[in-house]
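Student: I should like a close examination of the interior of this protein, with attention to its cysteines, its open and enclosed spaces, and its nonpolar packing.

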Amino acid sequence: MSRPNIHELLQAAARQRILVIDGAMGTAIQGYKLTEADFRGERLANHGKDLKGNNDLIALSRPDVIERIHADYLEAGADIIETNTFSATRIAQADYDLESLAYDINLESARLARKVADRYSDQTPDKRRFVAGAIGPTNRALSMSPKVEDPGFRAVSFDQVRDAYAEQVRGLIDGGVDILLPETVFDTLNLKAAIVAIEEVFEEKGVVLPVMLSVTITDKSGRTLSGQTLDAFWTSVRHARPISVGINCALGAREMRPYMEELNRIADVLTSCYPNAGLPNAFGEYDEAPDDTGSLLKQFATDGLVNIVGGCCGTTPAHIRAIAEQVRGVEPRAVPELPAVTRYSGLETLTIDRNSNFIMVGERTNVTGSRRFARLVKEGDYNTALEVALDQVRGGANVIDINMDEAMLDSEAAMETFLRLVASEPEISRVPIMIDSSKWSVIEQGLKNVQGKAIVNSISLKEGEADFLDKAKKVRRYGAGVVVMAFDETGQAESADRKFEICKRAYSLLTEKAGFSPHDIIFDPNVFAVATGIEGHNRFALDF
């Protein structure tokens, strides 16, 4: 079956009914009590590491098992089935020395799911079944250090995570999925790497598929493992323009209720919820009965909180059947139209609207604006340099501007090091970051180390439209807002009319060709409020 207009088909189905996604793949595989030989198959009979437990491999070694599981979930009433690819990146597969199989696993898993979904769709042409390519969070974090004694350490880089996701996405698309589903997100920066990879592969292949996003809230704090509130998470990733955003894993439906209520208020896209079968017992097993899960999700549905429901850890075809039966006939959530305002985020969200006061940008974490900060960074005393940032936030800064442009510094490395350390300090990282540099390489390095929605300071038309658009598209892809300076190919605009014309031209390019929301654009007309000593600047403020 072909994949024409999948976005429209999915939206149309979601308007008609609450859609049902399948349940746990791992739980289903465990039920087959497979042996080491089952995981190896002929292809890996002599592999040097134990492979039992590497569930993604089963698509290669026992495809019959995966086909049966997909069929069981479709028989139970699922509209969407997920590929068996939760850990199918070369980063996760490195634990088994199977990095080289990442593409093949994704390709074959997608083909299997496609085959079974098409069979069921053919039986009921009025009810198409969809295949979602499952993209797990990997077993490495980009916003957190695995070493308590070294908070700036990362086991992987943004580029490594992005490249691993790109390989996975290629396999899923080549195998025929309808949807891409980055799920169980515990670190937003990992998801941002996935979003960059997805958009790059879409561009490479000339195809665009619907994207569903699903985050995991780890405890009653209502935050992700990397510390973001649900609102800050959504602010950080909505640039991906997903067809849905939701919550899965970590909690049962009962514990998820307050977070789904919040998501319902802030999300202007479809919402999804696929919880675990309750909380695990002392043995790590899930005891919640199918009817209990079904009745809890029915309440979500009748209260207008969800468009897509299903199950995660511990759920079985019986759970999905109970969920499908309970939500049948219930009106799907109406997607709200929310007022468009400017939002940035660190661990928390900064909203700027007509009721906002002046927004204070702390600029002492700038090597060109603070001698003390410059000295500390040059000496490598980053811990004390963090105190400068902390003082800025405690002093009322809504945003902190970080600049490492100094001839004696490796500016890219300094930006990365400082931002990684900032991420380890919640009192600082709760506010958005302004990444400030005259060098694009430094800006991009900064964007790869911020999980929130940052502000890039700055880009301009100084190098022409092609350069401007290239940088602008990358800024949007990384999920940041942008400051635009009043420069063009002829230099800095000095009259108010020239400044306005440049800003107008930049605005048109950003919104019409780079995909920017108007609310993510900040113009800096480069007006000096005090004398700079340069005669031509004396009337800038007065003229403007």
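Student: How many disulfides does the structure hold? Please begin there and continue into the interior.

Tutor: The model is a predicted one, and it holds zero disulfides. Cysteine 273 may serve as an example: the nearest cysteine sulfur belongs to cysteine 312 and is 10 Å away. Since a disulfide requires two cysteine sulfur atoms within 2.5 Å, cysteine 273 is in no disulfide. Cysteine 273 is also buried, because its relative accessible area is 0%, under the 20% limit for that class. Cysteine 503 counts as buried as well, at 12% relative accessibility.

Cysteine 273 leads directly to the nonpolar packing, as it is among the residues touched by isoleucine 247. The other contacts of isoleucine 247, leaving aside residues up to four places away in sequence, include Val215, Ile217, Leu230, Met256, Tyr259, Met260 and Leu263. Ile247 is in turn one of the residues with the most contacts inside the largest nonpolar core, a group it shares with Val377, Ile400, Met404, Phe418 and Leu510. This core has 144 residues, and α9 gives the most to it, with 10 residues. A second, separate core of 18 residues includes Cys312, the residue whose sulfur is the nearest to that of cysteine 273. Ala13, Ile243 and Cys249 also belong to that second core.

The open spaces come next. The largest pocket holds about 1100 Å³ of space. Its lining comprises 42 residues, and Met434, Asn457, Val483, Ile522 and Asp524 are the closest to its centre. Among the elements that give two or more residues to this lining are the strands β13 (433-436), β14 (455-459), β15 (481-485) and β18 (521-524), together with the helices α18 (440-447) and α19 (465-478). The largest share, four residues, comes from β14. By class, the lining of the largest pocket divides into 19 nonpolar, 12 polar and 11 charged residues.

The second largest pocket has about 730 Å³ of space and is lined by 34 residues. Nearest its centre lie Ala24, Met25, Gly26, Phe86 and Cys313. The elements that give two or more residues to this lining are α2 (25-30), α6 (90-93) and β6 (244-252), and α2 gives the most, with four residues. The lining of the second largest pocket has 12 nonpolar, 18 polar and four charged residues.

Enclosed space is found in two cavities of 30 Å³ or more. The largest cavity has a volume of about 180 Å³ and 18 lining residues, with Ala423, Ser429, Asn449, Val450 and Gln451 nearest its centre. Helix α16 (residues 411-423) supplies the largest share of this lining, four residues. The lining of the largest cavity has nine nonpolar, seven polar and two charged residues.

The second largest cavity has a volume of about 50 Å³. Its lining includes Ile135, Pro137, Tyr165, Glu183, Asp187 and Leu191. Helix α9 (residues 188-205) gives the most to this lining, with three residues; α9 is also the element that gives the most to the largest nonpolar core. By class, the lining of the second largest cavity divides into seven nonpolar, two polar and two charged residues.

How values were computed:
Residues are numbered from 1 along each chain as its sequence is written. This is a predicted model: local features need pLDDT of at least 70, side-chain atom pairs count only at pLDDT 80 or more; totals for chains, interfaces and linings use all residues. Side-chain values use heavy atoms; hydrogens and water are left out. Buried means under 20% relative accessible area, exposed over 50%, partly exposed in between (1.4 Å probe, protein chains only). On a 1 Å grid over the protein atoms alone, a cavity is a set of points where a 1.4 Å probe fits but cannot get out, and a pocket is an open set with protein on both sides within 12 Å along at least five of seven lines; lining residues have an atom within 4 Å of a point. Grid points are joined across faces, edges and corners, and a volume is the space filled by probe spheres set on the points. Ala, Val, Leu, Ile, Met, Phe, Trp, Tyr, Cys and Pro count as nonpolar, Asp, Glu, Lys and Arg as charged, and the others, Gly among them, as polar. A nonpolar core is a set of buried Ala, Val, Leu, Ile, Met, Phe, Trp, Tyr and Cys residues joined through side-chain atoms within 4.5 Å. Contact means heavy atoms within 4.5 Å.
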